[in-house]
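Work through the exercises below with the sequence and the 3D structure at hand. Try each task before reading its solution.

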There are 4 protein chains.
Amino acid sequence: MVVTKRVAKAILERILQGEEPRERLKLLEPRVPTKGEPLPPHPPCATEHTADALERRRAFFRERGLCLDQLAGEGPEIPAEELEGNIEGLVGFARVPVGVVGPLRVNGSEAHGDFYVPMATTEGALVASYQRGAEVISRAGGATTLCITEAVSRAPCFVFGNMREAAEFLAYAIPRYDSLQSAVDETSGHCRLDDVRTVMFGKEVFLVFEYATGDAAGQNMVTIATDAACRRLLEDAPVQPRRWYVEGNLSGDKKATMLSFVYARGRKVISEVTVPRRVVQRFLHVDPEEIARYWKTSILGGVQSGSIGVQGHFANALTAIFMACGQDVACVSEAAIGMNHMEATEEGDLYAFVALPNLIVGTVGGGTHLPTARECLEMMDCHGTGKARKFAEVCCAAALAGEISIAAAMAAGQFTDAHAIYGRKGSAPNHEGDH
Amino acid sequence: MVVTKRVAKAILERILQGEEPRERLKLLEPRVPTKGEPLPPHPPCATEHTADALERRRAFFRERGLCLDQLAGEGPEIPAEELEGNIEGLVGFARVPVGVVGPLRVNGSEAHGDFYVPMATTEGALVASYQRGAEVISRAGGATTLCITEAVSRAPCFVFGNMREAAEFLAYAIPRYDSLQSAVDETSGHCRLDDVRTVMFGKEVFLVFEYATGDAAGQNMVTIATDAACRRLLEDAPVQPRRWYVEGNLSGDKKATMLSFVYARGRKVISEVTVPRRVVQRFLHVDPEEIARYWKTSILGGVQSGSIGVQGHFANALTAIFMACGQDVACVSEAAIGMNHMEATEEGDLYAFVALPNLIVGTVGGGTHLPTARECLEMMDCHGTGKARKFAEVCCAAALAGEISIAAAMAAGQFTDAHAIYGRKGSAPNHEGDH
Amino acid sequence: MVVTKRVAKAILERILQGEEPRERLKLLEPRVPTKGEPLPPHPPCATEHTADALERRRAFFRERGLCLDQLAGEGPEIPAEELEGNIEGLVGFARVPVGVVGPLRVNGSEAHGDFYVPMATTEGALVASYQRGAEVISRAGGATTLCITEAVSRAPCFVFGNMREAAEFLAYAIPRYDSLQSAVDETSGHCRLDDVRTVMFGKEVFLVFEYATGDAAGQNMVTIATDAACRRLLEDAPVQPRRWYVEGNLSGDKKATMLSFVYARGRKVISEVTVPRRVVQRFLHVDPEEIARYWKTSILGGVQSGSIGVQGHFANALTAIFMACGQDVACVSEAAIGMNHMEATEEGDLYAFVALPNLIVGTVGGGTHLPTARECLEMMDCHGTGKARKFAEVCCAAALAGEISIAAAMAAGQFTDAHAIYGRKGSAPNHEGDH
Amino acid sequence: MVVTKRVAKAILERILQGEEPRERLKLLEPRVPTKGEPLPPHPPCATEHTADALERRRAFFRERGLCLDQLAGEGPEIPAEELEGNIEGLVGFARVPVGVVGPLRVNGSEAHGDFYVPMATTEGALVASYQRGAEVISRAGGATTLCITEAVSRAPCFVFGNMREAAEFLAYAIPRYDSLQSAVDETSGHCRLDDVRTVMFGKEVFLVFEYATGDAAGQNMVTIATDAACRRLLEDAPVQPRRWYVEGNLSGDKKATMLSFVYARGRKVISEVTVPRRVVQRFLHVDPEEIARYWKTSILGGVQSGSIGVQGHFANALTAIFMACGQDVACVSEAAIGMNHMEATEEGDLYAFVALPNLIVGTVGGGTHLPTARECLEMMDCHGTGKARKFAEVCCAAALAGEISIAAAMAAGQFTDAHAIYGRKGSAPNHEGDH
């Protein structure tokens, strides 16, 4: 989550888009519903498990111009031909229930509006819990959200005979890093090589190629690009490695690593909200100070558990959204790390914050073209080109909702009850209480 | 992954089941197909993306008595009522493509046979890669696999006024740990409290309740049980905490932690195989020594990345199987950590090993009753009571297949090609080569 | 820092010594100087760097019956013969300045009194900073301190031909763990084998032998004991390992590891104090709330840095005391991890806490017999048999003093000033301000 | 240990000094003693603990023009006045035995020659173990060694009212980072601000100021410089923080952190050697393959222990040299992390490598002016200006010696024996065997 001054300058320019900082940053300000910016309605009957309630929810979205045919199982099966590039050995389709959380108000530099967020899960209470968080965020005026860094990396490793040879190779290679973009360009038009980081590890040299990959998650793209760049680099090298690998297991692909936590991998997004005391009390049934106390306990527990970063359950938000939206769900292993922070303000309100440094998401490519994924992405206007940062910001705001909800449940002693009610059959209430 | 002598004795007894060690452990021996234990056939046309190929694969499984109607989209939609306890705000179902890997021969204490493993994914090349690993494992006689520990934990935290009060509480509580099972029993008949670990952290006391949860993943169950046990403990306590929480963020629920890696959380399973040199060369197109060299590079890279444990891509196997089989996919965040190990033996063969210390899986409860999940679990005879350890062993053997395949691809320089071929549209070959 | 219920019971018995908890735990209560338990005086002129001031400080201690001849360079050189077992290739002695911090009031189960703590360092401001912390702790009534666990480990590794052989070995070994004490006894009369933890890692088996080593740090002792125990274990084993090592790099010897942080290695000690608001304000020149706010920032920073535990500068206290007291200073690498916690109480006072899970210290053996080390240990009545837990508690209380002092300096914006004043020549004041 | 392309270019230029890479890198080549570059003699009687042997060792160094008077206790006591800036509350001096290891041949870009390395310790066998490692390194032609990065950091934290304010501050600050050197210059002439890294953490902004500090360890210097730079930055800022701290506990000062491991803190140095098979066999009594096998076990153990990096006992080398040489010994907590790597080459020789990313050392300032420290530094020609990188390279080569020696001892089953012989009184042999 640490960026050099060169990178910081580039990020700043991208975010400001040439405007005055104070002017441009107004985008991040809360828009309180009771002060002239009312929230759209909730989907109806969220906790009722009947065919009728389901139909009313579907109607709710159809009325808003959103197609749910595929989610409703009404479209045709996807032709096998269209799954080339997505799977081998196909025998059919797993069907995973999708619920919707929202409206979730987001005040981001890219995601700016009120969102209905589809979440696929089989864990009772999960959607209800995120709904609760979305409720207080939205009533507070929304989650201020910012997609900061964007980078996907591949980390090839070159093995030389000894350190002197490795040094000689680097003396040749380092001045040529800038020339590798042309090799990258031959593999993809969407892949920009932003940096090549060097790890001199004796006779072994690891390079970390960092790319911007547009609106694709990009892991496939950067593999092919890095392979091409390495071959270019080796063409005229004065000393050849004995062996080289396109990935030396340093990039953090598909795993939780401190390196990714520190540097950011994928998109790094942060989100915060200040929820007025009375909203906390009314909807979360607890005082902000109690949530702040729980947060402190949770960070003491988290540090003792040896987690990478400390947070509550980012994995729940990300897995559910990723499954719904055709993302590479295995990336949850790396994406579900980060930090949360909660405190009571001097005014007695609740301040809550999350940082997600490794959001590997895309709005083009991968599984995003599959029928149900497309419907889910379109529900948030996050399908296709130019939408990846927006989608990342929504994911981050949803994670914030979940952190608030679980911390409040723990602080109020409701966590067990919520699971006893929503996580077991035949025990769910028919009313949603306070909405 | 470290167990006390008391726990080691219990595990030993469970595994030996009263038999002589040498006799009982014959279960773990390889069964080489060419020596009288032939493998069942492959599902046909695995890399063909046509309606015809799909139908032939489905027919293959139907002929073997396995129902794929729900996966084929032929069954009715699941009634909303049946999803109570699984989701709120339901609007429909995400459909995720499922491919099958196998046969995968497993020689475990619980999973003992040849398995077809369903994997849900949208990432091209993934199923093909695991198929390659399954191929060499099976031809080598199968993966020796052992489910060792089983534990799911909740970690309540009690906050006292000072350390003296906390000590007084512990002086009361520690001798009463054994009496808490009766409180647990009132919440579930499947939940056995195996240990209560104590963390005295000044005025804050964290207890780590460790349970066996039968064939359920059990996270919901242990929350309710721990809540009851804590209330029981507090009833007569001579000093009351100022606050207490059913979870102090120490249990590692839904996140990668060193604590879970060290202690095991969920089921810890290990799996190994020794693949004959000629099988490696024929199917992986590389020498065992080259794979061993890559492994060494991968561990140097992995350590430098600051991962918890070091492995290649456990997340891919687990996410794909979890999505197919109605597991809590968010648990991939914690399950996808562990260790791999590969080396060339003195005889020139490939030795490969994986340890997965945190397999949170269940074969009852959660999403396992959903129609497509049930079909997928039944494909492996892993649905219902008495199957969780078996399912965990299959997951682990599948992870081993993936580690072998990716390491071989890296070592042989095929990783990029595999993604260029299977990860993009219109580029897949029609033949599966060497199978 | 997590102990099983069996271990918790043993610790509880040791601490209670058969007394009623409430009675016995009175030991931990603060003894406020202004309420009948006055503090002994400070050593004079602590910040004056003159021969005269030095002589007055020495006289101060001599008047209290403490010999400082060796520290003063007045004794004879240590005969080379007496250094056998401590060093090879001896050419002389490094002289490291020793300052004294105190009085430091400690209310521990073993260390109970007012201590003058010798610290060897060449870093200006360090002693002054700890003095400041000691001042507020003592005026608050002292640091409540508890030595909890004690364990030193060795982790041999046995490499078998395959997992089945490893399992067969374990089936033989696990029931025999209890019999290994007799082999240990043949190597030392002070070494008690408390547990043998098992890590089954495929064909490799790591055992973690955990010992109590009396008042010695014990690393040498446990190596010899483990070697003997392993040889005993292998004598009749039905299957022999291909190789075995007395240490598989798993014990955490001489390095910071999560495993040691989680389990405790050496002695785990915790310490807390509640400092009245007016004492904080008068001596630390800041409000408790400001320190609490800084603590929160420091833990957010610490988690982002990826440290093992989060604390300020345990290393400073431990290194300085270890160098003065003939400890194995290299153990700072493992000892200087842990946790701190600070908050403002509801009454507006400062609550501060530290946990040091890996205090590798001894009061017999190692360098403790060297002349200056002995003088330093005797200054705290911590030399010889029966003193190791006491010494560990003093170390922990000193670490607490340092954490309070640095957090206050950061919160008050004095950190830079302190270093500008004490860390540079010719800039120290002649007065100690408020003492 | 990962550097951006900009930093890589700067390092490359510094190392090459304008020469052709291949020409300049000849510095790193082994100089085999039997091929015309003989080694200087060993100090005599290294394992004899008699007054006579001690005197002969001292004479050995005096004959080579090295003064050991202070180490021999023959000089006057250091005047108290000269310790201003080093300690408060002085009462005397701890005397720690110093042994010498060597000759140790180093082929570095800065340290190039044969070194006698002073080590202060009270742990028997330590000096003998390093001597063994030095022996095989030197006979192999020396350790190829390279000081790569140099950076000391401070990480101030600014706390704003909300994320928008923090963003506005950064929009002001980021373009001004380059102007802060002038503020730094006013505090020190030796402090170069190389980068300001930004962590946007919601309403909290952490900046990581990275400096080059010449030949000083520099922690004090960078605190004062950062304080000045922050004040400069805040002077005209359009939005002021509610609070700010000169250190937000993110810099890794005095603690082991992944951030420092990843980025390097202090000086990052790497060192390697290839030891001929017959030298390994003759002096380490084991085959290179056995050492390579032990290394593999040690890395599997190390990863499972959750250490930061994996190595054997860097802490022993660094603590002993730091204590002898007036370094800030508490920095061992951060310096003693890194990586080792050993393997048997295709020719059957032993390849060994270490990377130490966090060597916080100085050859001016701190305790380097103290009499015994100065003698120790001068023994290696490492005292004063222009020597810090050289000193760092010697430290790294010494650490390499220790890693080889301990791995060989473990592989050969000699580890226990070495401690039984050298770690206990009355058991040391009078002969050094094979030297």
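The exercises that follow concern a predicted model.

**Exercise 1. The interface of chain C and chain D**

Task: State how many residues of chain C are in contact with chain D, and describe the area buried between chain C and chain D.

Solution.
Step 1. Begin with the residues: 120 residues of chain C are in contact with 120 residues of chain D.
Step 2. Turn to the area. The size of an interface is often given as the accessible area lost when the parts come together. Between chain C and chain D the buried area is about 10,300 Å², and carbon and sulfur atoms give 56% of this area.
Step 3. Find the residues of chain C that lose the most area to chain D. They are C:Glu88, C:Val91 and C:Arg95, which together account for 9% of what that side buries.
Step 4. Count the polar links. There are 57 residue pairs in polar contact between chain C and chain D, both residues being at pLDDT 80 or more.
Step 5. Locate the side of chain C that touches chain D. Strand E1 (residues 90–108) of chain C supplies the largest share of that side, 11 residues.
Step 6. Sort that side of chain C by class: 55 residues are nonpolar, 43 are polar and 22 are charged.
Step 7. Look for salt bridges. The rule finds two across the interface of chain C and chain D. C:Glu77 forms a salt bridge with D:Arg58, with the closest N and O atoms 2.9 Å apart.

**Exercise 2. The partners of E1(C)**

Task: Which strands pair with E1(C), and in which sense does each pair run?

Solution.
Step 1. Start across the interface. E1(C) and strand E1 (residues 90–108) of chain D run antiparallel and are joined by nine bridges. Within this pair, C:Val96 stands opposite D:Ala94, and C:Phe93 has D:Pro97 as its bridge partner.
Step 2. Move to strand E2 (residues 112–120) of chain C. E1(C) pairs with this strand in the antiparallel sense over eight bridges. C:Val98 stands opposite C:Ala120 in E2(C). E1(C) and E2(C) form a hairpin, with three residues between them.
Step 3. Add strand E3 (residues 143–154) of chain C. Three bridges join this strand to E1(C), and the two run parallel. C:Gly108 stands opposite C:Thr145 in E3(C).
Step 4. Check the cover of E1(C). The strand is mostly covered, with 19 of its 19 residues buried.

**Exercise 3. Three salt bridges with a residue of chain D**

Task: For the salt bridges of D:Arg164, D:Glu150 and D:Asp227, give the partner and say where the two residues lie.

Solution.
Step 1. Recall the principle: side chains of opposite charge can pair when their charged atoms come close. Over all chains the structure holds 139 salt bridges.
Step 2. Take D:Arg164. The partner is A:Glu29, and the closest N and O atoms are 3.4 Å apart. D:Arg164 lies in helix H5 (residues 163–173) of chain D, and A:Glu29 lies in the loop between helix H2 (21–24) and helix H3 (51–63) of chain A, so this pair joins two chains. A:Glu29 counts as partly exposed because its relative accessibility is 30%.
Step 3. Take D:Glu150. Its side chain meets that of D:Arg267 in a salt bridge (2.3 Å, N to O). D:Glu150 is in strand E3 (residues 143–154) of chain D and D:Arg267 in strand E8 (residues 266–275) of chain D, so the pair, 117 residues apart, links distant parts of the chain. D:Glu150 is partly exposed at 22% relative accessibility, whereas D:Arg267 is buried at 5%.
Step 4. Take D:Asp227. Its side chain meets that of D:Arg231 in a salt bridge (2.7 Å, N to O). The two residues are four apart in helix H7 (residues 219–235) of chain D, so about one helical turn separates them. D:Asp227 is buried, with a relative accessible area of 10%, and D:Arg231 is partly exposed at 45% relative accessibility.

**Exercise 4. The surroundings of D:Cys147**

Task: Is D:Cys147 buried or exposed, and which residues does D:Cys147 touch?

Solution.
Step 1. Place the residue: D:Cys147 is found in strand E3 of chain D.
Step 2. Apply the cut-off. Buried means under 20% relative accessible area. D:Cys147 has 0% relative accessibility, so D:Cys147 counts as buried.
Step 3. List contacts, leaving out residues up to four places away in sequence. Among them are D:Arg14, D:Ile15, D:Ser109, D:Arg267 and D:Arg389.
Step 4. Compare sequence and space for one contact. D:Cys147 and D:Arg389 are 242 residues apart along the chain, and their C-alpha atoms are separated by 6.3 Å.

Notes
Residues numbered from 1 in each chain as written. Chains lettered and ligands numbered in written order. Predicted model: local features only at pLDDT ≥ 70, side-chain atom pairs only at ≥ 80, totals over all residues. Heavy atoms only, no water. Contact = heavy atoms within 4.5 Å. Buried area = accessible area lost by both parts, 1.4 Å probe. Salt bridge = Lys/Arg side-chain N within 4 Å of Asp/Glu carboxyl O. Polar contact = N/O pair within 3.5 Å; in protein donor to acceptor, adjacent residues only side chain to side chain. Nonpolar A, V, L, I, M, F, W, Y, C, P; charged D, E, K, R; others polar. Pairing = 2+ DSSP bridges. Buried < 20%, exposed > 50% of the residue type's maximum accessible area, 1.4 Å probe, protein only.
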